[in-house]
Amino acid sequence: MLSIENLHVSVGDKPILKGINLQVKPGEIHAIMGPNGSGKSTLSHVLSGKSGYTVTEGKITYESKDLTEMAPEIRAREGVFLAFQYPVEIPGVSNIYLLKAALNSIRKHQGLPEVDAMDFLTLIKEKVRLLEMDEKFLYRAVNEGFSGGEKKRNEILQMAVLEPKLCILDETDSGLDIDALKVVAEGVNSIRSPDRSFVMITHYQRLLDYIKPDFVHVLAHGQIVKSGGPELALELEDKGYSWVEDKKAA
Amino acid sequence: MSASAKEIEQLIGKEYKQGFVTELEADTFPPGLDEGVIYKLWKIKNEPEFMLEYRLKAFRHWQTMKSPEWAFVKFEPIDYQAVSYYSAPKRKEDGPKSLDEIDPQILEAYKKLGIPLDEQERLAGVAVDAVFDSVSVATTFKSKLKEAGVIFCPISEALREYPELVQQYLGSVVPTGDNFFAALNSAVFTDGSFVYIPKGVRCPMELSTYFRINAANTGQFERTLIIADEGSHVSYLEGCTAPMRDENQLHAAVVELIALDNAEIKYSTVQNWYPGDKDGKGGIYNFVTKRADCRGENSKVSWTQVETGSAITWKYPSCVLTGNNSIGEFYSVALTNNYQQADTGTKMIHIGKNTRSTIISKGISAGHAQNTYRGLVKVLKGAENARNYTQCDSLLVGDKCGAHTFPYVEVKQPSAQVEHEATTSKISEDQLFFCQQRGLSAEDAVSMIVNGFCKEVFKELPMEFAVEAQALLGLSLEGSVG
Ligand SMILES: Nc1ncnc2c1ncn2[C@@H]1O[C@H](COP(=O)(O)OP(=O)(O)OP(=O)(O)O)[C@@H](O)[C@H]1O
Ligand SMILES: [Mg+2]
């Protein structure tokens, strides 16, 4: 589904990603961990097409297409979804309006007719229940005045409604309380499927207790310095990042 | 890649869809203005005696006045002698009696604008007065309105048929010497709409006037007078467009509203005069005086405007709250793009006791445009318990445009409460990227955010015009990102 080869990315003159390699197959869950400032969000932004980053070397292939050639909205319509580390507020635009516009633009891209208003309401209410949110959130402006945890939950609501193929979650667990973490994890698990893949950026093992990854990667200084199975996360929790960083250096 | 600031700025290359010219034979005065021209105008319009005096008085006053310079707009001085003050499509003696007599070219022009004048084709429930250059060419549903006692006709016709009624109210809200452009208008106005709603009548349909400037080098000076007698109610809408021309054209209108005891007037405008091209060439100079007098107790006037067109807009629909317990409202969306300039706002003058006013202003600036809100809230000594609430929000799209706010408050009555809130925000790249990441194009994202920003004002518009206004905003922002 996603293949990243020797990816080098700079912001201005500053190299941030320095040769990332990552293969994600349909249905797989990859966890990416790593110290602050190591380049995790940068990777998520480059995958989703945010401006301001220059790919200086390497390539990204998504469903056998060159992802870097695609406009961000085309990537989204093709099934790439990013749950933001810091979701923005959009005053004046209600959540439900955004969701409907987003869903329809994706459907249009797929050659499907616009979703019927009633069907949409049914769909969205089901997803709201799944994420144990109050329906009132649908009518509030996107993220405006939402608490940190509510914003994160709202990102997952959008993911559940839009049903993307490649879900990138950037620290969705940060800021969630223990109960919310459970709910969000259940939300994610409920949309797991053999043709949907996840790239989850996280700092904490506890998310991985609920959503079991197939692979864990450690990103440090713009490179993946170690990859392994779920046990790697436990080991990291125990020994800290210096353990892998040192190992790489050694 | 997503929209950078530079791309956002490019998003705003909009296309003006009403920019066509209708080829017509017209009676047009040669350019120039003096007392002789005014006499000719008076004569050709076959007006009652008092109008000649009215016009000449205004003209003499105007000659002593200077073009105002306090607004936050820049333009080359206008040569008033280079403007033609009358242009009318050639027609039979007394003007068309029915649609069959109107030049099919004109009917076609209105049809193209989405304003079919054929009553069968019209939205039921909206009567239209169509003003083409200097004259009214058609008024629909006249007879149906007459049954309800409502007078809705071109003001030139009202001057002939109801001269006393017009004389009683004309200039009673905006005196001939009120300001430079109002004086000019009073001297040379050619047509516009007249509305009278009798006592206790709720006007059975929306009334609307559609102004169209077609001829080159002519000014449009229309005059609208609306009188809501005691206990009556009316909703009125005005729309405007003009062809794309390289020269600037002058539009200096005066609108006077009078609401007597317990009467209510709702006046909505969707202004889409040609704004000039993307480099700022051409476009309409829209210098308008709009004022309402809430003369009666418990009367109410509500102005709603969506201003997307014109090269320069200079306009302050105001309410003089004379009657006790009267209410004035102003809801405004002003969008400026490319090199457009808007200096707009309102004046609320509280005179009566317990008078209330609300001002909601939404300014959107894109491209190199400048958008200014200028508002005055004045509470006179006798206006006990007067209240005003003002909310004034600006939204910037890109970083070459400007938003300015000049709220003036004068309070002479200690029991008055005046509240003012203001915000300025910018559509950020992060917001746009977020929307794009959800599958929306940057353009749709801007449009969605702008529409969301204007929601409070749109909900004040009559339903079908709210839809039109939204579409218009979308169109006006076309090309403003990526
Ligand atoms: N626009 C930018 N200009 C300059 N430096 C940048 C820019 N964007 C990212 N960086 C730098 O790139 C590095 C990687 O940032 P990134 O946000 O990807 O880290 P992260 O791994 O997500 O960290 P965290 O765990 O704190 O979220 C940081 O040193 C950051 O300061
Ligand atoms: Mg990060």
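Colleague: Which polar side-chain atom lies 2.6 Å from an oxygen atom of ligand 1?

Modeller: That atom belongs to A:Thr42. Please bear in mind that this is a predicted model.

Colleague: What other side chains have an N or O atom close to a ligand oxygen, and how far away are they?

Modeller: The side chain of A:His203 has an N or O atom 3.0 Å from an oxygen atom of ligand 1. For A:Glu171 the corresponding separation is 3.2 Å.

Colleague: How many residues surround ligand 1?

Modeller: There are 14 residues around ligand 1, and the closest are A:Gly37, A:Lys40, A:Ser41, A:Thr42 and A:His203.

Colleague: A:Lys40 and A:Thr42 belong to α1(A). Is that helix enclosed or open to the outside?

Modeller: Helix α1 of chain A spans residues 40-48, and eight of its nine residues are buried, so the helix is largely enclosed by the rest of the structure.

Colleague: Which residues are the buried ones?

Modeller: They are A:Lys40, A:Thr42, A:Leu43, A:Ser44, A:His45, A:Val46, A:Leu47 and A:Ser48. Two of them, A:Lys40 and A:Thr42, are also listed among the closest residues to ligand 1.

Colleague: What happens to the backbone just after α1(A)?

Modeller: A:Gly49 follows the helix and takes a positive phi of about 95 degrees.

Colleague: Changing topic to the interface: how many residues does each chain bring to the contact?

Modeller: Chain A contributes 35 residues and chain B contributes 20 residues. About 2,200 Å² is buried between the two chains, and carbon and sulfur atoms give 63% of that area.

Colleague: What polar interactions cross the interface of chain A and chain B?

Modeller: The rule finds 11 residue pairs in polar contact across that interface. Which elements of chain A are involved in the side that touches chain B is also known: α2 (72-77), β6 (80-83), β7 (90-94), α3 (95-109) and α6 (148-162) each supply at least two residues.

Colleague: Which of these gives the most?

Modeller: α3(A) does, with six residues. By residue type, the side of chain A that touches chain B divides into 21 nonpolar, eight polar and six charged residues.

Colleague: And how many salt bridges are there between the chains?

Modeller: The count between chain A and chain B is two. In one salt bridge the side chains of A:Glu155 and B:Arg438 meet, at 2.7 Å from N to O.

Colleague: What is the count over all chains?

Modeller: Over all chains the count comes to 21 salt bridges.

Colleague: Which residue pairs with B:Glu47, and are the partners buried or exposed?

Modeller: B:Glu47 forms a salt bridge with B:Arg55, with the closest N and O atoms 2.7 Å apart. B:Glu47 counts as buried at 8% relative accessibility, and B:Arg55 counts as buried at 0%.

Colleague: Which salt bridge does B:Lys290 form, and where do the partners sit?

Modeller: The partner of B:Lys290 is B:Glu238, with the closest N and O atoms 2.6 Å apart. This pair links distant parts of the chain: B:Lys290 lies in strand β13 (residues 283-294) of chain B and B:Glu238 in strand β9 (residues 233-241), 52 residues apart. B:Lys290 is buried at 3% relative accessibility, and B:Glu238 is buried with a relative accessible area of 3%.

Colleague: What about B:Arg374?

Modeller: Its side chain meets that of B:Asp343 in a salt bridge, 2.7 Å from N to O. B:Arg374 is in strand β20 (residues 370-379) of chain B and B:Asp343 is in strand β18 (residues 341-350), so to speak linking distant parts of the chain, 31 residues apart. Both residues are buried.

Colleague: Which residues are linked in a network of salt bridges?

Modeller: B:Lys362, B:Asp393 and B:Glu456 are linked in such a network.

Colleague: One last topic: where is B:Phe221, and is it buried or exposed?

Modeller: B:Phe221 is found in the loop between β7 (206-212) and β8 (223-228) of chain B. It is buried, with a relative accessible area of 0%. Leaving aside neighbours within four places in sequence, B:Phe221 is in contact with residues including B:Tyr85, B:Leu184, B:Phe189 and B:Leu250. The C-alpha atoms of B:Phe221 and B:Leu184 are separated by 8.4 Å, although the two residues are 37 residues apart along the chain.

How values were computed:
Residues are numbered from 1 along each chain as its sequence is written. Chains are lettered from A and ligands numbered from 1 in the order in which they are written. This is a predicted model: local features need pLDDT of at least 70, side-chain atom pairs count only at pLDDT 80 or more; totals for chains, interfaces and linings use all residues. Side-chain values use heavy atoms; hydrogens and water are left out. Contact means heavy atoms within 4.5 Å. Buried area is the accessible area (1.4 Å probe) that two parts lose on being put together, summed over both. A salt bridge is a side-chain nitrogen of Lys or Arg within 4 Å of a carboxyl oxygen of Asp or Glu. A polar contact is a pair of N or O atoms within 3.5 Å; within protein, one must be able to donate a hydrogen and the other to accept it, and residues adjacent in sequence count only if both atoms are side-chain atoms. Helices (H or I, at least four residues) and strands (E, at least two) are DSSP runs, numbered from the N terminus. Ala, Val, Leu, Ile, Met, Phe, Trp, Tyr, Cys and Pro count as nonpolar, Asp, Glu, Lys and Arg as charged, and the others, Gly among them, as polar. Buried means under 20% relative accessible area, exposed over 50%, partly exposed in between (1.4 Å probe, protein chains only). A residue is near a molecule or strand if one of its heavy atoms lies within 4 Å of it.
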